[in-house]
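Please work through the exercises below with the sequence and the coordinates at hand. Each task is followed by a solution in steps.

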Amino acid sequence: MKLLFLACLSPKTGNHTTAERIRSHIESAGHTCELRDAAEFQSPAEVANLISSNPTFEGALAIHLFKAGRLLLDIQVPFGVIFGGTDINEDVKVEQKRVVMEQVLQKARFAVAFTDKLKEEAELYLLSQSSRIYVQPQGIQTEVSEKFCWSEFLRSSDASIEHVDELRVFILVCGLRRVKDPLYLVEVFSEWHYENPLNVLIIIGPKIDPLFTVEVEAVVKRAAGVFLAQERSQQELHAAMKRCFAVVNSSVSEGMSAAILEAMDLGVPVLARDIPGNAAVVQHEFTGLLYSSPQEFVHQSHRLLSDHELRERVVRNGKLYVEEHHGLNQERETYRRLVDALSAR
């Protein structure tokens, strides 16, 4: 079976990584999967024309109900959708988008949610048949670059390279867009850095929103102890995460943060903003630490610094959690099964 797979493919983003991983699952089952960036298409008619002029396409798949799913509304082959996170958490608040997403969900053969919470929200706001929504957590695989140099990474980020071994580096992994709220902790972290210059925050990720990126760069430039790193390959990013003191998430909304799960898999403590998508994978004081304000972030960071037993516990439990709930085999089997169902018209 040949599938058209639409997703938002900004380089070095979680969406891109997820789409590539799911594509490989589908192709490992013997199907052909053509992955295309949803941004290439302006309307459902364009996608319908593509599929009708290429009769080898027998089905389609999309990540994100609005950005990609709406483009499948006019096609004449069966399709499935995967919730992205902002579609269910944010876009449903805009009635025009909500109506379109409801149409997509009604027409889809199946939908996949990363968490039970996302499934519940979709059923509540999009009047969907729950039997067609499957819950499949993201599969996680980490790979650390052997050529990675920590001191070079710090130097290129403009972070101090004095006392390298004593620095406590917090890394915030996110694409630069408003929903990730990378500036949420900047002011309070900078104040904390003045108290203890060994604490530094490095924000790393692709520049997705150009206008917002300019704002982030300007704010970070004025903030002591906070730095902006150039995006890296997945292997280099994992190497940096493995070397840091803790991985931070400050998003306003998440479907399921791959960076949080990757940190757990790498044996690194996680400090995540207390939002539904994060609370679904971070159990406070067990697999990581949650905070609901910038001040509470500093408080939880102090605990992580002073309580070695707490640190060891969240690292140990986080890694076990990922191994038990986010393995690639189960994810691969789920998508194989769902795509096979698409071909059984």
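The exercises that follow concern a predicted model and proceed from the overall dimensions to the sheets and then to single residues.

**Exercise 1. Overall dimensions**

Determine whether the radius of gyration agrees with or departs from that of a compact globule.

Solution.
1. The protein has 345 residues, for which a compact globule would have a radius of gyration near 20 Å.
2. The value for the protein is 21 Å, which agrees with this expectation.
3. Taken along the principal axes, the box filled by the C-alpha atoms is roughly 65 × 40 × 40 Å.
4. As for burial, 54% of the 345 residues count as buried.
5. The accessible surface comes to about 15200 Å², and carbon and sulfur atoms contribute 48% of it.
6. Among contacts between residues at least 6 apart in sequence, 70% join residues at least 24 apart.

**Exercise 2. The sheet that contains β1**

Establish the strand order of this sheet, its edges and the helices packed on it.

Solution.
1. The protein contains 14 helices and twelve strands.
2. Six of the strands form an open sheet with parallel pairing, in the order β2-β1-β3-β4-β5-β6.
3. Its edges are β2 (32-37) and β6 (133-135), each of which pairs on one side only.
4. From one strand to the next, the twist averages 20°.
5. Within the sheet, β4 (residues 79-82) and β5 (residues 110-113) pair in the parallel sense over three bridges; Ile82 has Val112 in β5 as its bridge partner.
6. Helix α5 (residues 116-126) packs on the sheet and touches β5 and β6, its direction making about 165° with that of β6.
7. Helix α14 (residues 328-343) also packs on the sheet, in contact with β1 (2-7), β3 (57-63), β4, β5 and β6. The direction of α14 makes about 165° with that of β5.

**Exercise 3. The sheet that contains β7**

Explain why one side of β9 and one side of β12 lack a neighbour in the sheet.

Solution.
1. The strand order in this open sheet of six strands is β9-β8-β7-β10-β11-β12, and the pairing is parallel.
2. Strands β9 (226-229) and β12 (289-291) stand at the edges with a single partner strand each, so one side of each has no neighbour in the sheet.
3. The twist averages 25° from one strand to the next.
4. Strands β7 (residues 168-173) and β10 (residues 246-249) pair in the parallel sense over three bridges, and Ile171 has Val247 in β10 as its bridge partner.
5. Helix α8 (residues 210-222) lies across β8 (199-204) and β9, and runs at about 140° to β9.

**Exercise 4. Cysteines**

How many disulfides does the protein contain?

Solution.
1. A disulfide requires two cysteine sulfur atoms within 2.5 Å.
2. For Cys8, the closest cysteine sulfur is that of Cys33, at 15 Å, which is too far for a bond.
3. For Cys244, the closest cysteine sulfur is that of Cys174, at 14 Å, again too far for a bond.
4. The count comes to zero disulfides.
5. Cys8 counts as buried because its relative accessibility is 19%, under the cut-off of 20%. Cys244, at 6% relative accessibility, counts as buried too.

**Exercise 5. The surroundings of Arg98**

Decide whether Arg98 counts as buried or exposed, and identify the residues that it touches.

Solution.
1. Arg98 has its place in helix α4 (residues 95-107).
2. Its relative accessibility is 16%, so Arg98 counts as buried.
3. With residues up to four places away in sequence left out, Arg98 touches Asp91, Val92, Tyr125 and Leu126.

Key: Residues numbered from 1 in each chain as written. Predicted model: local features only at pLDDT ≥ 70, side-chain atom pairs only at ≥ 80, totals over all residues. Heavy atoms only, no water. Pairing = 2+ DSSP bridges. Helix = DSSP H or I, 4+ residues; strand = E, 2+ residues; numbered from the N terminus. Axes fitted to C-alpha atoms, helices over the stretch in contact; angles between N-to-C directions. Contact = heavy atoms within 4.5 Å. Rg over C-alpha atoms; globule rule 2.2 N^0.38 Å. Buried < 20%, exposed > 50% of the residue type's maximum accessible area, 1.4 Å probe, protein only. Areas by Shrake-Rupley, 256 points an atom, 1.4 Å probe, with all protein chains shown as cover.
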